[in-house]
Amino acid sequence: MITMVIKRAEKADLKQIFELQHLAYQSEAKLHDDFSIQPLTQTLEDIEREYEKGLFLKAADEGGRVIGSVRAYSEGNTAHIGKLIVRPEMQSRGIGTKLVGAIEREYPGMRFEIFTGYKSLRTIGLYEHLGYVRFKEQRISDKLSLVFLEKKV
């Protein structure tokens, strides 16, 4: 059992989140054979600007190390959830599920939208397990299409 706490990330956490994002998205890049995906090209400054416009949550272990994160912003009646990340060695332990649940609670009564790469079958399966339904696919490049899922409450 993992001892962790989920709470709002602070600006001081962004460097750890940035480093974790680059680590966590390596498997996605390999899966799609595309290392130019936005989570890997995003800079710390980009993440700092994103932080100002939305909500970042972090999952931290008992030592305070960030082991997972998720972010969201609202637009109209939709909360756009993005960059659900968990340390690779900590995956499949319920951390992602808890992070999604925590971010959903921050936006009560809203429609949720989330996306991932079309080859990310484990991630798509997780989102579907959490009640998300596919509603569109968008081609990004010759190597990458994104699957968009939504959840209406």
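The numbered points below walk through this predicted model, from the whole chain down to single residues.

1. Overall make-up. The protein chain contains six helices and seven strands, and when it is read along the sequence these elements come in the pattern β-α-α-α-α-β-β-β-α-β-α-β-β. The radius of gyration of the protein chain is 15 Å, close to the 15 Å given by the globule rule for 153 residues, so the chain is as compact as a globular protein of that length. Along its principal axes, the C-alpha trace spans about 40 × 35 × 35 Å.

2. Inside and outside. Of the 153 residues in the protein chain, 48% count as buried, and the chain exposes about 8400 Å², of which carbon and sulfur atoms supply 51%. If one takes the contacts between residues at least 6 apart in sequence, 59% of them join residues at least 24 apart. The protein chain carries 24 positive and 22 negative charges, and the mean positions of these two groups are 3 Å apart.

3. The hairpin of β2 and β3. Strand β2 covers residues 55-61 and strand β3 covers residues 66-75; the two run antiparallel and are joined by six bridges. A student who wants to find this pairing in the model can begin at A60, which stands opposite V66 in β3. Four residues lie between the strands of this hairpin, and G64 takes a positive phi near 90 degrees there. G64 is partly exposed, with a relative accessible area of 34%. The C-alpha atom of G64 is separated by 28 Å from that of F115, a residue 51 positions away along the chain.

4. The hairpin of β3 and β4. Strand β3 also pairs with β4 (residues 78-86), again in the antiparallel sense, and here the pairing extends over seven bridges. One pair to look for is Y73 with its bridge partner H80 in β4. This hairpin has two residues between its strands, and G76 takes a positive phi near 65 degrees. As for its surroundings, β3 is mostly covered, since seven of its ten residues are buried.

5. From β4 to β5. The next pairing has another direction, for β4 and β5 run parallel and are joined by three bridges. Here A79 has F112 in β5 as its bridge partner. Strand β5 takes in residues 111-117, and six of its seven residues are buried, so this strand is largely enclosed by the rest of the structure.

6. Helix α5 and its neighbours. Is helix α5 largely enclosed, or open to the outside? Eight of the eleven residues of α5 (residues 95-105) are buried, where buried means under 20% relative accessible area, so the helix is largely enclosed by the rest of the structure. The buried residues are I95, G96, L99, V100, G101, A102, I103 and E104. They pack against several strands, namely β1 (4-8), β2, β3, β4, β5 and β7 (145-151). Among these neighbours are the strands β2 and β3 of point 3 and the strands β4 and β5 of point 5.

7. Two residues with a positive phi that are not glycine. As background, most residues other than glycine have a negative phi. D33 nevertheless has a positive phi of about 50 degrees, although it is not a glycine; this residue lies in the loop between α2 (26-32) and α3 (38-41), where D33 is partly exposed with a relative accessible area of 48%. S92 likewise has a positive phi, of about 65 degrees, without being a glycine, and S92 lies in the loop between β4 and α5. What is the relative accessible area of S92? The value is 67%, and S92 therefore counts as exposed.

8. A loop towards the end of the chain. S141 has its place in the loop between β6 (133-139) and β7, and this residue is partly exposed, with a relative accessible area of 26%. S141 and V5 are 136 residues apart in sequence, and their C-alpha atoms are 37 Å apart in space.

Key: Residues numbered from 1 in each chain as written. Predicted model: local features only at pLDDT ≥ 70, side-chain atom pairs only at ≥ 80, totals over all residues. Heavy atoms only, no water. Buried < 20%, exposed > 50% of the residue type's maximum accessible area, 1.4 Å probe, protein only. Rg over C-alpha atoms; globule rule 2.2 N^0.38 Å. Contact = heavy atoms within 4.5 Å. Areas by Shrake-Rupley, 256 points an atom, 1.4 Å probe, with all protein chains shown as cover. Lys, Arg positive; Asp, Glu negative; His and termini not counted. Charge placed at Lys NZ, Arg CZ, Asp CG, Glu CD. Pairing = 2+ DSSP bridges.
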